[in-house]
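Colleague: Before we discuss particular regions, might we have the model in view? I should then like to put several questions about its backbone, its sheets and the surroundings of its ligand.

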Amino acid sequence: MAKSKVLVVGGTGYIGKRIVKASLAQGHITYVLQRREMGLDIDKIQMLLSFKKQGARLIQGSFSDHQSLVDAVKQVDVVICTMSGVHFRSHNILLQLKLVDAIKEAGNIKSSLRAEIQKTKLPINLHLLTILVQNRRRLRQFLLQTPNQTVTFLILIIVVVLSLSFPIFVVLSFLSPSSSFNGALLGPSSSFNGAPNLLRQLRFIPSEFGTDPSRMGHALEPGRVTFDEKMRVRRAIEEAKIPFTYVTANCFAGYFAGNLSQMETLLPPRDKVTIYGDGNVKVVYMDEDDVALYTIKTIDDPRTLNKTLNIRPPENILSQRELVEKWEKLIGKELQKISCSQEDFLASIKGLDFASQVGVGHFYHFFYEGCLTNFEIGEEGEEASELYPDVKYTRMDEYLKLYL
Ligand SMILES: NC(=O)c1ccc[n+]([C@@H]2O[C@H](COP(=O)([O-])OP(=O)(O)OC[C@H]3O[C@@H](n4cnc5c(N)ncnc54)[C@H](OP(=O)(O)O)[C@@H]3O)[C@@H](O)[C@H]2O)c1
């Protein structure tokens, strides 16, 4: 089966750039949105150009230009949004509602085949079939009256071939939704190039890549804003009946493992480490490149359609203490452990700026409450390493070697 075409929105971001690379590496035709607002941001532009060198197609657009989003979305089979969602960087999760509107309008959703065919320039075989159907009475009369049996026979053959071609075209398009078959049958310059989008539904992977927001209805203020906004986007997707995959990636290693899960630093301590409670609550640490690879693996996989992919590979389910031990082994030294009670940790929120308050709330849910691991992945989800056992995901002792 041919691979889906992918559009990455937010492709220069922290997780976005990895998703672009994974998509290219997995052989997908990969489009990246080049927002007008990037303006003079030389780093972003250079990054986009480097993607282009690697085979990506850049597509102009802006969140303040609805039509540009519609046009971008029309090119592809899958949209992956990696819109910013970390408060101390930037937070624009709700902008994705505009993307949902664009996907709706792009005609991928709810449009019946007939309605689409009526508004589309038809390929020649469908044109002829339509004409024949419209003139069926006259044709019947002509056939009854004509004395020439060869002419009658030829006309009947044409009618049969045209009649058969339509259902065959539909069936093959469904069986081979992203193949070049559609293009071949319909002609590359036909406006029916929209056929792949017409006959299959575009899949949307919104910007989540963290905690499953549907399990965070009880989350603390103000950090709950992240989960609430991601749920608003989910509701919009589901109301519009857009096929989706939600990706729950748990703790990005760069934010949570490299620093032994300490706040306010991204580097590992070498003398003392703060331990949350008893330090035995299990979390999940994930190398971001593995998150990107698993995400790309889902997009042509019917098992992940309208499901949540939880990236929770068994050897990366670790407690904070287990992570610290791995670091201690690497540096050959035991760290001094300072335990922080739940009460003290929550009290530390007072006086912090908004972004840090959000961070404290999230750390509390991960390291005290255990919200990443205190549930079974039910029928609405799939676990990534079970679906894709071929992926050799990075273990955290290997990951931490980077920091030596
Ligand atoms: N599990 C974890 O530990 C973890 C950690 C961090 C983040 N996350 C999640 O991962 C997702 C992505 O976060 P990230 O840190 O990768 O994001 P990021 O790097 O801060 O930003 C991603 C992209 O968002 C786009 N963007 C930012 N402001 C925008 C605006 N005003 N209008 C339009 N586009 C804008 C930009 O894309 P372009 O300029 O390329 O268009 C930017 O590169 C979020 O959902 C976040 O919650 C999870």
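**Unusual backbone angles**

Colleague: Is Lys-241 buried or exposed?

Modeller: This is a predicted model. Lys-241 has 12 C-beta neighbours inside 10 Å. A residue with 12 or fewer such neighbours is classed as exposed. Lys-241 therefore counts as exposed.

Colleague: What is the phi of Lys-241, and where does the residue lie?

Modeller: Most residues other than glycine have a negative phi. Lys-241 is not a glycine, yet its phi is positive, at about 55°. As to its place, Lys-241 belongs to the loop between helix 11 and strand 8.

Colleague: Asn-250 also has a positive phi although it is not a glycine; is Asn-250 buried or exposed?

Modeller: The phi of Asn-250 is about 65°, and the residue sits in the loop between strand 8 and strand 9. Around Asn-250 there are 25 other C-beta atoms within 10 Å. The threshold for burial is 20 or more, so Asn-250 is buried.

Colleague: Which residues does the cis peptide bond join?

Modeller: Most peptide bonds are trans. Here the omega of the cis bond is about -5°. One partner, Pro-222, has its place in the loop between strand 7 and helix 11. The bond joins Glu-221 and Pro-222.

**Sheets**

Colleague: Which strands are the edge strands of the open sheet with the order 8-12-15?

Modeller: Three strands form this sheet, and their pairing is parallel. An edge strand pairs on one side only. That description applies to strand 8 (245-248) and strand 15 (381-383).

Colleague: Within that sheet, which residue of strand 12 stands opposite Thr-245?

Modeller: Strand 8 and strand 12 (residues 307-310) pair in the parallel sense, over four bridges. The residue of strand 12 opposite Thr-245 is Lys-307.

Colleague: In the open sheet with the order 9-11-13, which strands have one side left without a neighbour, and why?

Modeller: This sheet has three strands and mixed pairing. Two of its strands stand at the edges and have a single partner strand each, so one side of each lacks a neighbour in the sheet. They are strand 9 and strand 13 (317-319).

Colleague: At about what angle does helix 14 run to strand 13?

Modeller: Strand 11 and strand 13 run antiparallel and are joined by three bridges; Val-283 stands opposite Leu-318 in strand 13. Helix 14 lies across both of these strands. Its angle to strand 13 is about 85°.

Colleague: What is the bridge partner of Ile-80 in strand 7?

Modeller: Strand 4 (residues 78-81) has Val-78 and Ile-80 pointing one way and Val-79 and Cys-81 the other way, and all are buried. Strand 4 pairs in the parallel sense with strand 1 (residues 6-9) over four bridges, where Ile-80 is the bridge partner of Val-8. Three bridges join strand 4 to strand 7 (residues 203-205), again with the strands running parallel. In strand 7, the partner of Ile-80 is Ile-205.

**Helix 16**

Colleague: How far apart are the end C-alpha atoms of helix 16, and what span should its residues give?

Modeller: Helix 16 (residues 354-369) has 16 residues, and at 1.5 Å a residue they should span 22 Å. The end C-alpha atoms agree with this expectation, as they are 21 Å apart.

Colleague: Which elements cover the buried residues of helix 16?

Modeller: The buried residues of helix 16 include Val-358, Val-360, His-362, Tyr-364 and Phe-366. Just after the helix, Gly-370 takes a positive phi of about 80°. The cover includes helix 11 (224-239), strand 9, strand 10 (272-276), strand 11 (282-286), helix 14 (320-331) and helix 15 (342-347).

**Around the ligand**

Colleague: Which residues come nearest to the ligand?

Modeller: The shell around the ligand divides into 13 nonpolar, twelve polar and four charged residues. Strand 2 (30-35), strand 5 (85-86) and strand 9 (251-252) each supply at least two residues of this shell. Of the 29 residues around the ligand, the nearest are Thr-12, Gly-13, Tyr-14, Ser-84 and Gly-85.

Conventions
Residues are numbered from 1 along each chain as its sequence is written. This is a predicted model: local features need pLDDT of at least 70, side-chain atom pairs count only at pLDDT 80 or more; totals for chains, interfaces and linings use all residues. Two strands pair if DSSP finds at least two bridges between them. A residue is near a molecule or strand if its C-beta atom, placed from the backbone, lies within 6 Å of it. Ala, Val, Leu, Ile, Met, Phe, Trp, Tyr, Cys and Pro count as nonpolar, Asp, Glu, Lys and Arg as charged, and the others, Gly among them, as polar. The expected span of a helix is 1.5 Å times one less than its number of residues. Two residues are in contact if their C-beta atoms, placed from the backbone, lie within 7 Å. Axes are lines fitted to C-alpha atoms, for helices over the stretch in contact, and angles run from 0 to 180 degrees between N-to-C directions.
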